[in-house]
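Hi there,

Here is the structure I promised to pass on to you. Have a look at it first, and then read my notes below.

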Amino acid sequence: MGIVTRFAPSPTGYLHIGGARTALFNWLYARANGGKFLLRIEDTDRERSTDAATQAIFEGLKWLGLNWDDEAYSQFARKDRHAEIAHAMLGSGHAYKCYATKEDIEAFRASPEGKYGSFQSPWRGADPATAPDAPYVIRLKAPRDGVMEITDEVQGRVKWKSAEFDDMILLRSDGTPTYMLAVVVDDHDMGVTHIIRGDDHLINAGRQSLIYHAMGWDVPVFAHIPLIFGDDGKKLSKRHGATGAQEYRAMGYLPEAMRNYLARLGWSHGDDELFTTAQAIEWFDLSGINKAPSRFDFKKLDNVSKHHIETAPDDVLIAGLQDYISSQDREPLSEDAIEKLKTVLPIVRERSKKLPDLLDKSRFILQARPFAPDENDAKHLNSVFNGILKRLTPQLAQVTTWSKEELETLFRDFAQTEGLGLGKIAQPMKVVLSGTTKSPSTFDMMAALGKDETLARIKDTLATM
RNA sequence: GGUCCCUUCGUCUAUCGGUUAGGACAUCUGGUUUUCAACCAGGAAAGAGGGGUUCAACUCCCCUAGGGACUACCA
C-alpha cells in the first residue's frame, strides 16, 4: 500500500513557521517513499475560518515549494459525511445522544467535583424513551476501563487509562462535526497512512484511536513531532521575530535554504548540516526525528542561507531575487538588469547571506552613471586621491587585456611606484566605481564594468572633485 | 490539580552499553585581506540532580527538579 501523508492546518491566520515545518516533514516523508502528500483545510470552525487565511496558507506552502497532491480538501465541505459516521456510531452503540445543555456543563465545571473530573453525561446510559424533544449532541461512548495504547514513531509507546478520556462530542447540537470526529473520518477516507503532526496532538492520538476502533478502521501510523520555540525557549511568537512563513520570503531567504534549515530543526541525518532538497528527500526518515523541542536560531538560518546563495544555480537565484522583489512590492528586474546581474553573480554571491545582499552588492552594475558617492564614503575622494587618479588613468587607458588579473597587477605596480599600500588606491577606487566601499572587489568590478564604463566613471568622478 | 511528553557544549545536533562524548552555528584568539556580514588556523564549551541494573551507562529502570502539551458544542 502506498504511503499517504497530509498537512491539516486550520485557516485562522497565516502559515506559521512551525506549521511549515510540519508540512515539510509530511512532504519529505511522502516524497521519500513515493507516496502522496495531501492538504486538508480544517475549516469546521466557521467563526474563525477565513478565505484569506486559506489563501495565505496556500501561498506559504507554494513559496516553500511544498506542492501537494490532488486538490486541497475542505473539511467543512465534508460535514455530511462526518454526520453520517456519527450516526453510524449511534447505531452501533458506540455513541449516544446527550441532551445536557451548555449551562448544565458550565454548572458542573463550577461545582467542586467539576474541578477534577471531566463532565459525565447523565444521558450515557439513559433510556431513549426518556429523551426530551430538545437539541442534543452526539457523544462518543468512551470505554470506562482498560488501557489505550498507541505506538508513535517519534515518541515511542504511549498509553493512557481509558478512563482519562471523556465522552467527547462528535456532532454538535447544530449538526456540525467537531474536530475529533472530522479528522478521523477525513484521514480514513483520504487513505492517510501516516499522521505527522505537532506533539500538542499526542493525547488526541489516543482519543482518536477510540473512534478508529469504534468504526473498525485501521489506525494510521502516528509521528508526533516536538514544537519549535523561540531562542529563549518560550513559545515562538512575534517577539522573537518572524512567525509567518511569508515573512521569511520578505526577509530574503531562499525557499531551498528554508527547507534545509527547517528540516535540520528537529531532524538529523548524522552530521549533515548543509544539503539540497533532493538529498533531504533521499535521507528523510521518521527515525531521524528528535523527541525534544528545538529553538529557532536566526544566526544558523543565516549561515544555511549563505550556503544556498553561494551554491544555487543562476536561474534559481534570479527567480529568488524576482520573488523577493515582488514581496517588497517593487518593480521586477528588467531583462537588461537580469543580464547584467548574471555577469556579476559569481562575484556577488560569495559574500551574501540573504537575497537583498545580492542586490546591494550588484548596485554598481545596475546603477547608471553618473551617480553621487554615498555620504559616508565621499571622504575617500579627497585631493590626494585626485592626484593619484590623474596619474593612474592614463595607464588604465592603455591596458589592452582588461582582466581582473591584469588590472590587479597594474594596481600593485602603480601602488609601489606611488609608495603606497594597495588599499590606499583600491579602496577609493571602489567609491569611484560603485559609490561605496561596501562593494565587491575593485578588480572584479572593473572587469565586470568593462574598460569604457570604468574610464567613464573615473571621468565622472574627476569632474566633481 | 490530573494525565501525557521532553532534558548532551549558549544554540541545532551525533552517539543507539565500551568514544580522549564528534560535527555545525555562535563565541574567543591568531593569521590573511582592497571593504566585509568574507576566508584560513587554533581554543574554550555539554550528558539537569540523585538512586539503581550491569564487568561497563549519555545510552536501560526508578525518583526529584525544570520545561512543555492536553484537560472546549477550538482546531
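What follows is a short tour of what I found, starting with the RNA and moving on to the helices and two backbone details.

Please keep in mind that this is a predicted model.

**Around the RNA**

The surroundings of RNA strand B are a good place to start. There are 61 residues around this strand, and Arg 172, Gly 266, Asp 271, Glu 273 and Phe 443 are the ones that come nearest. By class, this surface is made up of 24 charged, 20 polar and 17 nonpolar residues.

Which part of the RNA faces the protein? Of the strand B atoms within 4 Å of the protein, 68% belong to sugar or phosphate, and bases supply the rest.

Some contacts with phosphate oxygens of strand B are worth finding on your screen. The side chain of Lys 306 has an N or O atom 2.8 Å from one such oxygen, and the side chain of Thr 44 has an N or O atom 2.9 Å from a phosphate oxygen. With Arg 295 the backbone is involved: one of its N or O atoms lies 3.0 Å from a phosphate oxygen of RNA strand B.

Several elements supply at least two residues each to the surface near the RNA, among them helix 4 (102-110), strand 7 (156-161), helix 10 (298-311) and helix 18 (442-449). Helix 17 gives the largest share, with 5 residues.

**Helices that pack together**

Helix 17 (422-434) and helix 18 (442-449) both contribute to the surface near the RNA, and they also pack against each other. Their axes come within 9 Å and cross at roughly 40 degrees, so the two helices are oblique to each other. The crossing is left-handed. On the helix 17 side you will find Leu 422, Ala 426, Met 429, Lys 430, Leu 433 and Ser 434, which meet Thr 442, Phe 443, Met 445, Met 446 and Leu 449 of helix 18. This contact has 8 nonpolar, 2 polar and 1 charged residues.

Helix 3 (residues 79-91) and helix 6 form another pair, with axes 10 Å apart and an angle of about 65 degrees. The two are therefore roughly perpendicular, and their crossing is left-handed. Ile 85, Ala 88 and Met 89 of helix 3 make the contact with Ile 211, Ala 214 and Met 215 of helix 6. By class, that gives 6 nonpolar residues, with no polar and no charged ones.

Then there are helix 11 (residues 314-327) and helix 12 (residues 335-348), which pack at about 125 degrees with their axes 11 Å apart. These helices are therefore oblique to each other, and they cross in a right-handed way. Helix 11 brings Asp 314, Leu 317, Ile 318, Leu 321 and Gln 322 to the contact, and helix 12 brings Ile 338, Leu 341, Lys 342 and Leu 345. The classes here are 6 nonpolar, 1 polar and 2 charged.

**Two backbone details**

Where is the cis peptide bond? It runs from Arg 369 to Pro 370, with omega near 0 degrees. Pro 370 sits in the loop between helix 14 (363-366) and helix 15 (383-397).

Asp 70 is also worth a look: this residue has a positive phi of about 60 degrees although it is not a glycine. You will find Asp 70 in the loop between helix 2 (51-64) and strand 3 (73-74).

Happy exploring, and best wishes!

Key. Residues numbered from 1 in each chain as written. Chains lettered and ligands numbered in written order. Predicted model: local features only at pLDDT ≥ 70, side-chain atom pairs only at ≥ 80, totals over all residues. Heavy atoms only, no water. Near = heavy atom within 4 Å. Polar contact = N/O pair within 3.5 Å; in protein donor to acceptor, adjacent residues only side chain to side chain. Helix = DSSP H or I, 4+ residues; strand = E, 2+ residues; numbered from the N terminus. Nonpolar A, V, L, I, M, F, W, Y, C, P; charged D, E, K, R; others polar. Axes fitted to C-alpha atoms, helices over the stretch in contact; angles between N-to-C directions. Parallel < 35°, antiparallel > 145°, perpendicular 65-115°, else oblique. Left-handed = near helix turned anticlockwise from the far one by under 90°. Contact = heavy atoms within 4.5 Å.
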